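Colleague: Could you take me through one part of this model in close detail? I'd like the sheet, and then whatever you can add on the helices.

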Amino acid sequence: PQHRACRDGYLFEPKTAMQVFHHLLAATPNLHLYLQQELGDVEKNARQLTAVLLYDRQRQLRWRMKGRVFIDATYEGDLAAKAGVPYRVGREGRDEFGEEFAGEVFWDTAKITLPPEQRLSFGKPEGDRKVQAYNYRLTVTKRADNRVPLAAPPNYMPERYAEIAQRVHEGVLWHPMEVVSLVKLPQQKFDANNTPGPFPSTDFIGANYDYPDADWHRREEIARAHRDYILGLLYFLQVDSRLPNEFRVAAQYWGLAADEFRDTDHFPPQLYVREARRIVGEYLFTEHDARPLLPGRRAPVHPDSIAVAEYPIDSHATTPRSSQQPYRHEGFFYLPGVTVPSHVPYRILIPRAPVENLLVCGAVSATHVGFGTLRLEPVWMALGQAAGNASHLALKRGVPVRQVPVDELQKVLLEQGQVIAFFHDLPSPQTLEFAAVQFFAVRGFVDTYEVRALETVDEGAARKILHRFAGLLNRPPPVSFGTAHKTPTLKDFAPW
């Protein structure tokens, strides 16, 4: 039953994921893990980072870590910011890059029966520094032998959640677990997340505006406020006298899972930072990069693709709801009918000057809307895989990270099973076709998400493929990946 519940590993208990990560770390030679290190500053020599200055919060000492290539894999882009890399916070205006869903956007949850794009209306087109809401992804259970009862958090403020009682009496809410989104995990646990509705849920909207540029101390304050908010929400559902007795009794069956997050009172140690800083890189990933060029066709091709983003464009709310319009959620949208699987270019990892030996694989170069399809952990893990390999190639060849040969990087990634071009019928990594169809797809050889790798092509398709191949041989790549480039020859494609 637990194997079925995990859906081939897509859904998992947090403690299992932690165990897997520690096994991966233990199996990796020459890798050192330092925890609770606060970044103080960086040392630079011209356009090269030479060291990071750290404060060890456990041992309470300051120290220097030297390096030849650095990767900023943080949510916040702290290392990039310290290195002087330009960055964005908040939302772009609608006209800045011609993005349909930029600026102020309203999602109407009263229109639940309509397609997603028909639930939207648009407000001011200007951008702002508002950040989509954060929360904690709690692991809860009803299992009595594994349940930790909830208590009132510090600074408990029941009036924050009073609207829930109003919605219950109006007949909008029937059960306490409608207030949160619950996804079933193995061992009778549930992943609790926000749900948009005319009532408070687990997102603490508007409480995170300071977070991206804040120091460690201020971020801890914001994280504690989010913790108190979500624990207060669940406690309110169990005890508030304004709620019907049967509603409170139903909520009292739920608690935190006792066998999860044992070191932090069974509460996740990491705030869910959906978006903070976004660097300005060699390429800016926008909404257009995740939309099809024509109906039924692929998203724009990036010959330097090193990962795919498949999740629909979305954003959580950015502005607290008005009590006068409880169904209108500003900043929230979810658009599975608009987005398509996209190619993620290597250039979004490369900061625009002034640093040549830094890659950023978390706070990547994107607009707020474009970031909505990149901000998922599977994508970040794929970008981390690419950044690690690119760093190795930069050291091996003695070149800046922007001059890493992209075709060589792609070849290494594909050998490792990475996906750089999405197909509904992608061949297995164990086949000869797996790498080849992706390598040529990101160079414009395939227009759709079906490759039909083992089918015989007709004459028209063969002519199109040969024409495209001839174009690759007769001119440089259509985008710049750096300065170390030449026109490809047939020999360059021999490994493929």
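Modeller: Here's the sheet, followed by a few notes on helices. Bear in mind that this is a predicted model, where local features need pLDDT of at least 70, side-chain atom pairs count only at pLDDT 80 or more, and totals for chains, interfaces and linings use all residues. Residues are numbered from 1 along each chain as its sequence is written, and side-chain values use heavy atoms, leaving out hydrogens and water.

The sheet is open, with three strands in the order E1-E2-E3 and antiparallel pairing (strands are DSSP runs of at least two E residues, helices of at least four H or I, numbered from the N terminus; two strands pair if DSSP finds at least two bridges between them). Its edges are E1 (37-45) and E3 (61-66), each pairing on one side only. On average, neighbouring strands are turned by 25° against each other, direction ignored (axes are lines fitted to C-alpha atoms, with angles from 0 to 180 degrees between N-to-C directions). E2 (residues 48-56) pairs with E3 over six bridges, in the antiparallel sense, and Asp56 stands opposite Leu61 in E3.

Now for the helices. H5 covers residues 216-239, and its end C-alpha atoms are 34 Å apart, which agrees with the 34 Å that its 24 residues should span at 1.5 Å a residue (the expected span is 1.5 Å times one less than the number of residues). At its start, a side-chain oxygen of Asp215 comes within 3.3 Å of the backbone nitrogen of His217. Elsewhere, Met381 lies in helix H8 (residues 377-397).

Methods. Polar contact = N/O pair within 3.5 Å; in protein donor to acceptor, adjacent residues only side chain to side chain.
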